Amino acid sequence: MSAPTETRADHGVTRGDADLVVARTRHPWRWALSALVLVLGAQFVHGLATNPGWDWPTFAEYFTADSVLRALWMTVKLTVWGTLLGFGLGVLVALGRLSSSIVLQTISWLYIWAFRSIPLIVQLLFWFNIAYLYQTLSVGIPFGPAFFEFEVGGVISGFTAAVIGLALHQAAYSAEIIRGGIISVDPGQVEAAKALGIPRRRQFLKIVLPQAMRSILPNAANEVISLFKGTSIVSTMAIAELFYQVQVIFGRNGRVVPLLMVATVWYIILTTALSVVQYYVERHYARGSARALPMTPLQKIRARFAEIAERGPALPRGGGTR
């Protein structure tokens, strides 16, 4: 069977598919912009390597210092507790906003309005100085006798005040993220589940939650990363987290830039780790939204090596047999 041909009526010439010429699309401005970006990037890297002001020996000395690692662990603990308590309370506030009770709706709306209106640093300083307003707190019957009392100053330490402030602040934002994810699910699916007699708990866990998580996760991950970096604000409370400890060190030796780079690199490392976790969690909840999930970076690398291995070593030019 002969190859399909194409006839050009204007010239009366018959040509095969193999003779057709494919014109390449040229993008000169794209190449020019790429070259400019590469040049600027190379200049920046060259400055990092050659400018003595960066003081990389001092950076290397303090990057893994015990005081810095302890402060880093404090930052991680603040982030973990702020995230767990913030999103836990945020779930309750979001359910209150979605409730049919006008009382719960009003209370939840007021909570979100108040804690999103007040700056985080003001909230932290308020909880840090809560003992100024309430020296003792009691647990008992409202407007009645108290079962026991305790000193506020002995219970709410600087770390506890920071966790409370971060968690309450985070809950206001996470509540709206969770509520937005839940209402993004098509109501028709819930109605269909009710018609099939599926229990309400199973409706939420098997139908609503997996779909809502696709909308919740990107915004929730951004909030966690913002909270991780926002823990630097607690340095105003003299809590030995990463940024505070860096300030203490460069206050003693005057090496501001390399110590700031120590904090910067640690923030970048942990933020990158959080982004990797976010990627795989989003991938988990993306199952069912597409026929085939895209390959992960590791899978792409393995596939590339497998493709190279299948091709085998290339034959040298002119090395064929006659």
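Biologist: How do α3 and helix α12 cross, and how far apart are their axes?
Modeller: In this predicted model, the axes of α3 and α12 (residues 256–285) come within 12 Å and cross at roughly 45°. The two helices are therefore oblique to each other.

Biologist: Is that crossing left-handed or right-handed?
Modeller: α3 passes α12 in a right-handed crossing.

Biologist: Which residues meet there?
Modeller: From α3 you have V68, L69, L72 and V76, and they meet V262, W266 and L270 in α12. By class, the residues of this contact are seven nonpolar, no polar and no charged.

Biologist: Nice. What about α10 and α12, at what angle do they cross?
Modeller: Their axes cross at roughly 175° and come within 10 Å. That makes α10 roughly antiparallel to α12.

Biologist: And which residues make the contact?
Modeller: On the α10 side they include P210, M213, R214, L217 and P218, and further along A221, V224, I225, F228 and K229. On the α12 side, Y267, L270, T271, L274 and Q278 are among them, as are V281, E282 and Y285. The residues of the α10 contact with α12 divide into 13 nonpolar, three polar and three charged. You can also spot L270 in the list for α3 and α12.

Biologist: Switching topic: how are α5 and α8 arranged, parallel, antiparallel, perpendicular or oblique?
Modeller: The axes of α5 (residues 120–128) and α8 come within 8 Å and cross at roughly 140°. α5 and α8 are therefore oblique to each other, and their crossing is right-handed.

Biologist: Who meets whom in that pair?
Modeller: L120, Q123, L124, W127 and F128 in α5 meet a set of α8 residues that includes G158, A161, A162, I164 and H169. The classes here are nine nonpolar, four polar and no charged.

Biologist: Now pockets. How much space lies in the largest pocket?
Modeller: About 470 Å³. Its lining has 13 residues, and I182, V190, R200, F204 and V208 lie nearest the centre.

Biologist: Which elements give two or more residues to that lining?
Modeller: Those are α3 (66–98), α8 (158–183), α9 (187–195) and α10 (200–230). The largest share, five residues, comes from α10.

Biologist: So α10 turns up again! How do the lining residues divide by class?
Modeller: Eight are nonpolar, two are polar and three are charged. And yes, α10 both lines the pocket and runs roughly antiparallel to α12.

Notes:
Residues are numbered from 1 along each chain as its sequence is written. This is a predicted model: local features need pLDDT of at least 70, side-chain atom pairs count only at pLDDT 80 or more; totals for chains, interfaces and linings use all residues. Side-chain values use heavy atoms; hydrogens and water are left out. On a 1 Å grid over the protein atoms alone, a cavity is a set of points where a 1.4 Å probe fits but cannot get out, and a pocket is an open set with protein on both sides within 12 Å along at least five of seven lines; lining residues have an atom within 4 Å of a point. Grid points are joined across faces, edges and corners, and a volume is the space filled by probe spheres set on the points. Helices (H or I, at least four residues) and strands (E, at least two) are DSSP runs, numbered from the N terminus. Ala, Val, Leu, Ile, Met, Phe, Trp, Tyr, Cys and Pro count as nonpolar, Asp, Glu, Lys and Arg as charged, and the others, Gly among them, as polar. Axes are lines fitted to C-alpha atoms, for helices over the stretch in contact, and angles run from 0 to 180 degrees between N-to-C directions. Angles under 35 degrees count as roughly parallel, over 145 as roughly antiparallel, 65 to 115 as roughly perpendicular and the rest as oblique. A crossing is left-handed if the near helix is turned anticlockwise from the far one by less than a right angle, and right-handed if clockwise. Contact means heavy atoms within 4.5 Å.
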